[in-house]
Amino acid sequence: MSVSTCVRFRHAEEVRAAFPELSAGVLHATGVDAPADTRHRAAAYTDRAAARLARAGEGEFPEVLAWRRAFTRMGLRPTQYRSASESLLRRLRKEGALPRIHPLVDLCNAVSVAYAVPVAVLDLDRIAGPLLEVRPARGDETYTAFGGGVEHPAPGEVTFVDSAGRAHARRWTHRQSGHSAVGAHTGRVLVVAEAMHEGGAEAVAEVLKTVEEEVAAHWQATTATAVLTPGAPEFAFGQ
């Protein structure tokens with residue numbers, strides 16, 4: 001599936017109204033299909049997170065607590081459904097390492113735990129344009145799990161929805177879709193960082209800067225970034 005010439009990413013007005021504390025930023029990158037070894041750099045970020053975890057559990061992090069409050073407001077039990085960053089931090093604390101999936105995903109997961117904020121990485125060739133929107137589900141969207149099963153987000157559940165009605169996440173930052181997962185075939189990606197805590201805008205800007213610098217260091221890629229705000233809520237990008 002190819003995206004349209006111009007694709008727009010945004011958070012729906014009802015999401016921003018319900019979560020005014022949301023800080024979000026995006027990075028679009030093309031040319032990330034070349035082989036790359038990001039293990040050394042990823043380790044530097046996981047080491048940073050591990051040092052923080054040695055001082056306090058992830059459940060004490062302001063960044064994690066803010067997402068737990070957001071999940072509670074969505075009617076979810078925050079200890080049953082965790083944000084992606086909390087799940088990664090929990091795994092790092094228990095196992096001492098993060099899974100290896102793909103050089104770019106591994107790098108972004110490491111950056112995610114270093115900053116304790118969710119960082120999604122989506123394969124753009126698996127997104128149907130012209131719009132990818134974070135919005136409440138209607139209930140007719142289709143979500144493909146990593147195991148291949150098809151699910152339908154519950155009406156009102158916040159998810160990433162493209163123009164074909166495909167959901168690319170469950171419960172907002174809880175779980176991404178297997179359909180748009182990055183793999184060996186991936187050449188173009190959209191990276192989305194979202195934070196709910198006080199100081200989240202600064203953290204998101206730093207995450208974007210960090211990921212952009214790492215992409216430039218490992219791939220001959222073209223990138224563009226934007227911090228999204230209520231006054232500038234949309235990011236448009238082309239092929």
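Colleague: In which loop is Ala116 found?

Modeller: This is a predicted model, and in it Ala116 is found in the loop between helix H5 (103–115) and S3. The residue has a positive phi of about 60° although it is not a glycine, and Ala116 is buried, with a relative accessible area of 0%.

Colleague: Which other residue has a positive phi although it is not a glycine, and where does that residue lie?

Modeller: Arg171 has a positive phi, of about 50°, and lies in the loop between strand S9 (169–170) and strand S10 (175–176). Arg171 counts as buried because its relative accessible area is 13%, and buried means under 20%.

Colleague: Where does a cis peptide bond occur, and what is its omega?

Modeller: The cis bond joins Gly129 and Pro130, with omega about 15°, and Pro130 has its place in the loop between S3 and S4.

Colleague: How should I read strand S2, and which strands does it pair with?

Modeller: One looks at the cover on its faces and then at its partners. Eight of the eight residues of S2 (residues 23–30) are buried; Ser23, Gly25, Leu27 and Ala29 point one way, whereas Ala24, Val26, His28 and Thr30 point the other way. S2 runs antiparallel to S11, to which eight bridges join it, and it also pairs with S12 in the antiparallel sense, over seven bridges. Leu27 illustrates both pairings, since its bridge partner in S11 is Val191, while in S12 it stands opposite Thr225.

Colleague: Glu194 also lies in S11; what is the nearest side chain of opposite charge, and how far away is it?

Modeller: That side chain is Arg16, 8.0 Å away, and Glu194, although buried, has no salt bridge. A salt bridge would need a side-chain nitrogen within 4 Å of a carboxyl oxygen. The side chain of Glu194 does, however, make a polar contact with the side chain of Trp172, at 2.9 Å. Beyond four places in sequence, the residues that Glu194 touches include His11, Trp67, Val134 and Phe160, and the contacts of Trp172, counted likewise, also include His11, Trp67, Val134 and Phe160.

Colleague: How many residues has the largest nonpolar core, and which have the most contacts inside it?

Modeller: The largest core has 29 residues, and those with the most contacts inside it are Phe9, Val26, Phe160, Trp172, Leu190 and Met196. Among the elements that each supply at least two of its residues are strand S1 (6–11), helix H3 (62–73) and strand S11 (188–195), and the largest share, four residues, comes from H3. Apart from this core lies another, of 27 residues, including Tyr115, Val117, Val211 and Val215.

Key:
Residues numbered from 1 in each chain as written. Predicted model: local features only at pLDDT ≥ 70, side-chain atom pairs only at ≥ 80, totals over all residues. Heavy atoms only, no water. Core = buried A, V, L, I, M, F, W, Y, C linked by side-chain atoms within 4.5 Å. Buried < 20%, exposed > 50% of the residue type's maximum accessible area, 1.4 Å probe, protein only. Contact = heavy atoms within 4.5 Å. Pairing = 2+ DSSP bridges. Lys, Arg positive; Asp, Glu negative; His and termini not counted. Polar contact = N/O pair within 3.5 Å; in protein donor to acceptor, adjacent residues only side chain to side chain.
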